[in-house]
Amino acid sequence: MINEQQTAPVNRRASFADYLAPQARSLKPSGIRRFFDLVSGRKDVITLGVGEPDFVTPWHVRDACVASLENGKTQYTSNAGMPELREAIGSYLDSRFKVTYNPADEILVTVGGSEAIDLALRALIAPGDEILIPEPCYISYSPITTLSGGVAVGIETFADDAFKLRAEQLKAVITPRSKVLILCYPSNPTGGVMTYDDWLPIAKLVEEHDLIVISDEIYAELSYGQKHVSFAAMPGMRDRTILVSGFSKAFAMTGWRMGYACGHPEIIAAMLRIHQYTVMCAPIMGQVAALEALTNGMEEMERMIESYNQRRRLVVKGFREIGLECHEPQGAFYAFPSIKSTGLSSELFAERLLTEGNVAAVPGNVFGLGGEGHLRCSYATSVAQLNEAIERIGKFVERVRNEG
């Protein structure tokens, strides 16, 4: 006898999209990448959009990698990363930012800082946990939170306060479900920074409300006029903080994909377990290069930072001279001018600037609360290009204002 239940036709899904998990299906493409698809194929475009140094990785770093390949270093490393690299990271953080970690169990080498953030959130989030995120911010924090089952809660910061996070703003969004606070200072996209005195009331709230902090300090070295203050170095915050950083920005090593996370041994151990099941270990070639950068690359890093500082002043002055308000960024390599005076939305301004002015920049709205009415412009490009871009933007702004 035929079992009708076994032979009944399967209900087919209407499309392959129906196979996707809900959180993957609803995930929006990167606002930055979507916008820069529009740049493809256009000629004579000056790009101020991608957050990438215009410097090439220094020769001695590349040579160290090549030499290691010639010597047959092509194997796996320890899941946590080469011991000598972890030791170098620990020494670097201690000497530069006065925060100390044990290389044996408090430092994890990752595939870029982005993997470190992903690992931290996956290790910490239970379904429904609230993750507090000052905005405008790096575009990945909220989507990764969603993919991990958490709830992203934005905290708006403001240009007239240099995009700093204030205790009253943080306190206003804390609920019993709040678990993690993500910090990114110096800030992408605003260039905002936080001082020791700025951090004190934030640290007090973190302690009072039993929060864990993920501090993304990838732009720590790109601080102008004042020394970067790591949140992990604040009193009582070391064990509550997962310090995330990497080599992409300060050492001009974006394509190497080398990052790291530092924190309490129990949290790092959980992140390591996820890491070993997903990527196994960071590539040995990148680890060799990162070790060389930390060991012998500080002079080149300082020269690059001084160049960024000169361009920073040029760009801020240029925006103000063409009539766009622009707070002075004290870190990273982005300016975040206001385009509200033109009457255009960020999205429309950026699209028209590209098509009519041949300058590509990122509309501020893709960075969350407080981003609308602004434009992210990277000044990690040549002075000649920056001068030409400011001139083109000035002509475009004048044309827009004359339309009214």
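Where is the place of Pro189? Select Pro189 first, and you will find yourself in the loop between strand S5 (178-184) and helix H9 (196-208). Keep in mind throughout the tour that this is a predicted model. With the loop in view, add Asn188 to the selection, for the peptide bond from Asn188 to Pro189 is cis, with an omega near 25°.

From this loop, move on to helix H9, which has 13 residues and reaches 18 Å from its first C-alpha to its last, close to the 18 Å expected at 1.5 Å a residue. Colour Asp198, Trp199, Ile202, Ala203, Leu205 and Val206, which are the buried residues in H9, and then show their surroundings, where the cover over these buried residues includes H8, S5 and S6. Before leaving this helix, select Asp210, which follows H9 and has a positive phi, near 55°.

The next stop is a second cis peptide bond. Select Glu135 and Pro136, which are joined by a cis peptide bond with an omega of about 5°; Pro136 lies in the loop between strand S3 (130-135) and helix H7 (141-147).

Two alanines come next, and each deserves a look at its backbone. Select Ala162 in the loop between strand S4 (151-156) and helix H8 (167-173), where this residue has a positive phi of about 60° although it is not a glycine. Ala162 is partly exposed, with a relative accessible area of 28%. Then select Ala332, which is found in the loop between helix H12 (298-321) and strand S9 (334-335) and has a phi near 60°, again a positive value in a residue other than glycine. Is Ala332 buried or exposed? Its relative accessibility is 0%, so Ala332 counts as buried, the limit for that word being under 20%.

Now display helix H10 (residues 265-278), whose 14 residues should span 20 Å at 1.5 Å a residue, and whose end C-alpha atoms are indeed 20 Å apart, in agreement with that expectation. Which residues of H10 are buried? They are Ile267, Ile268, Ala270, Met271 and His275. Turn the view until you look down the axis of H10, and these buried residues fall within an arc of 160°, so they line one face of the helix. An α-helix has 3.6 residues a turn, so residues three or four places apart point the same way. On the face of H10 turned away from its buried side, select the exposed residues Glu266 and Tyr277.

To see what lies over the buried residues of H10, show strand S2 (107-111), helix H6 (112-124), strand S6 (212-216), strand S7 (241-246) and strand S8 (258-262), which are included in the cover. After H10, select Met280, which follows the helix with a positive phi, near 75°.

For the last stop, show helix H5 (residues 83-97) together with helix H11 (residues 284-296), whose axes come within 10 Å and cross at roughly 35°, in a crossing that is left-handed. Display the side chains where the two helices meet: Glu84, Leu85, Ala88, Ile89 and Tyr92 in H5 are in contact with Gln287, Ala290, Leu291 and Leu294 in H11. Coloured by character, the residues of this contact between H5 and H11 divide into seven nonpolar, one polar and one charged.

Technical notes. Residues are numbered from 1 along each chain as its sequence is written. This is a predicted model: local features need pLDDT of at least 70, side-chain atom pairs count only at pLDDT 80 or more; totals for chains, interfaces and linings use all residues. Side-chain values use heavy atoms; hydrogens and water are left out. Helices (H or I, at least four residues) and strands (E, at least two) are DSSP runs, numbered from the N terminus. The expected span of a helix is 1.5 Å times one less than its number of residues. Buried means under 20% relative accessible area, exposed over 50%, partly exposed in between (1.4 Å probe, protein chains only). The arc is that of the directions from the helix axis to the C-beta atoms. Contact means heavy atoms within 4.5 Å. Axes are lines fitted to C-alpha atoms, for helices over the stretch in contact, and angles run from 0 to 180 degrees between N-to-C directions. A crossing is left-handed if the near helix is turned anticlockwise from the far one by less than a right angle, and right-handed if clockwise. Ala, Val, Leu, Ile, Met, Phe, Trp, Tyr, Cys and Pro count as nonpolar, Asp, Glu, Lys and Arg as charged, and the others, Gly among them, as polar.
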